[in-house]
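Student: Could you take me through one part of this structure in detail, and then show me how the rest is arranged around it? I would like to follow along in the viewer.

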Amino acid sequence: MKKYQKKSLICWILIFALAAAAPDIALAAFGPDYTLGNDPVENLIAVAEAQIGKKQADLGYTTAWCSYFVSDCAKLAGVENAIPGRSSTAVLYQSVIKAGGVETAVPQRGDLVFYYCARETVPWVHVGIMLNESRSIEGNFSNRVSYVDDQYADMNGHTVKSGTVRRIYVRPNYSGNLPSPQPVPEPDPKPEPEPVKDVCKCKKSYAGTYIVATSESPLTMRTGHGTGFDVITRIPKGSEVKVSSGDGTWAHVTWKTYNGYCSMEFLAQKLTSGGCNYMVSGKNKVTFLGMQKNKAVDLVIPDTVSYKGKTYQVTKIAGKALKNTKVKSIHVGKNVKSIGASSFRGCGNLKKITLGSSVASIGKNTLKGVYGRANIQVPKKKKADYMKLLKNAGMGKNMTVSTY
């Protein structure tokens, strides 16, 4: 029994020794291009700003590292009494409060901003250092130290803008009136977890061009198949990406110079049929995106398109889909219900438009810049309804409307 206890004690000593050494490894990687003075707030920000642009590997971190970055900046700036400990975001919040920090409604320079999402299993999701009332410096934002302006989004669509993520501002006790407290311990102290093992069962049948179809926030690209992997970058809504393979949930994605993995929930496949581009927008439905080549043609937006043996109804025309093109006439299929804003704008050669029988909305400026004497054909039984839509879409006073 004594022999076992001795071995166990040695193991725990090694674990804590490695954990204690980890901060030093990261601190040694911090860029030294800063000068410390007598103001603790400016010292903290000076250290943080000297690291702008550095990535996870540059700073020697091996796991999610936003809270470690704040703690290490505090140590180098000499304010570890106000921002003590080096642990998870939740524990960092507890440590700062215990050291005399207070929550504040209006942030100021040097405050910490904690991001809290009640819909996540671990609700304390991120932390940064405020530069003013809106701008902050944050580690592990797009996998690097970044300036951040009032934004946060995760893979599940939780954002500050939507209200699902809440900012909590804390003003650390920089005055140093309290003695240096001991860091609040983790409920179950453990060494840093082993990296998540990546499992790939992807198929090339998912290969193709896709469009980022998030509701508002960018799509996160990660280093593996799952939200447990590190962030590589975030891809703006509407961007085209290349998928080499997928499993229906995650896909191997290339965007610009980046390669990684994205959730397929927010990727819409781009299809090509009859010289035009479409985007899958629902079960057996597609949105018309535009022509592959800008030619002076009589364009037919069909009722349906087929791709790889599957038939899709064309139910929408994307905003700006044909803007400033040379198209001469457009026949809109019977399944199109929505025509996006500015979709025909600037088409000076467009003299005839035939609208299908299902159109329920036409976006603003759709007819602005279209040939001044263009003729628009609409279903006879719906002429009154269509006239309202056309006026809202910017129909010119010399354009004519006929029925079929």
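Tutor: Happy to; what follows starts with helix H5 and then moves outward to other parts of the chain. Please keep in mind that this is a predicted model.

Let's begin with H5, which runs over residues 89–98. Seven of its 10 residues are buried, so the helix is largely enclosed by the rest of the structure. If you want to select the buried ones, they are Thr89, Ala90, Val91, Leu92, Tyr93, Ser95 and Val96. The cover over these residues includes helix H4 (66–77). Strands contribute as well, among them S1 (102–104), S2 (112–116), S3 (124–130) and S6 (166–171). Just after H5 comes Gly100, with a positive phi of about 105°.

H4 is a good place to go next, as it is part of the cover over H5. H4 also meets helix H2 (residues 40–49): the two axes come within 8 Å and cross at roughly 120°. That angle makes H2 oblique to H4, and the crossing is right-handed. On the H2 side, the contact is made by Asn43, Leu44, Val47 and Ala48. H4 brings Phe69, Cys73, Ala74, Leu76 and Ala77 to the same contact.

Now let's look at the nonpolar cores. The largest one has 38 residues, and those with the most contacts inside it are Phe288, Ile317, Phe344, Leu355, Leu367 and Ile376. Several strands give two or more residues to this core: S14 (276–282), S15 (285–291), S16 (298–301), S18 (310–317), S19 (329–332) and S23 (375–378). Helix H6 (383–392) does so too. A second, separate core has 34 residues and includes Tyr61, Ala74, Ile83 and Tyr174. You have already met Ala74, as one of the H4 residues in contact with H2.

Within the largest core, Leu367 makes a handy viewpoint. Setting aside neighbours within four places in sequence, Leu367 is in contact with Phe344, Ile353, Ile376, Leu390, Ala393, Gly394, Met395 and Met399.

Some of the strands that feed this core, including S16, S19 and S23, also belong to an open sheet of five strands in the order S16-S19-S21-S23-S24, with parallel pairing. Its edges are S16 and S24 (400–403), each of which pairs on one side only. From one strand to the next, the twist averages 15°. At the S16 edge, S16 and S19 are joined in the parallel sense over four bridges, and Val300 has His331 in S19 as its bridge partner.

Two loop residues are also worth a stop. Most residues other than glycine have a negative phi. Asn143 has a positive phi of about 65° although it is not a glycine, and Lys256 likewise has a positive phi, of about 55°. Their surroundings make a nice contrast. Asn143 lies in the loop between strands S4 (135–141) and S5 (144–149), and is buried, with a relative accessible area of 14%. Lys256 sits in the loop between strands S11 (250–255) and S12 (258–263), and counts as exposed at 66% relative accessibility.

Finally, here is the whole chain. Its secondary structure comes to six helices and 24 strands, and 45% of its 404 residues count as buried. Among contacts with a separation of 6 or more, 55% involve residues 24 or more positions apart.

Note on methods:
Residues numbered from 1 in each chain as written. Predicted model: local features only at pLDDT ≥ 70, side-chain atom pairs only at ≥ 80, totals over all residues. Heavy atoms only, no water. Core = buried A, V, L, I, M, F, W, Y, C linked by side-chain atoms within 4.5 Å. Buried < 20%, exposed > 50% of the residue type's maximum accessible area, 1.4 Å probe, protein only. Contact = heavy atoms within 4.5 Å. Pairing = 2+ DSSP bridges. Axes fitted to C-alpha atoms, helices over the stretch in contact; angles between N-to-C directions. Parallel < 35°, antiparallel > 145°, perpendicular 65-115°, else oblique. Left-handed = near helix turned anticlockwise from the far one by under 90°.
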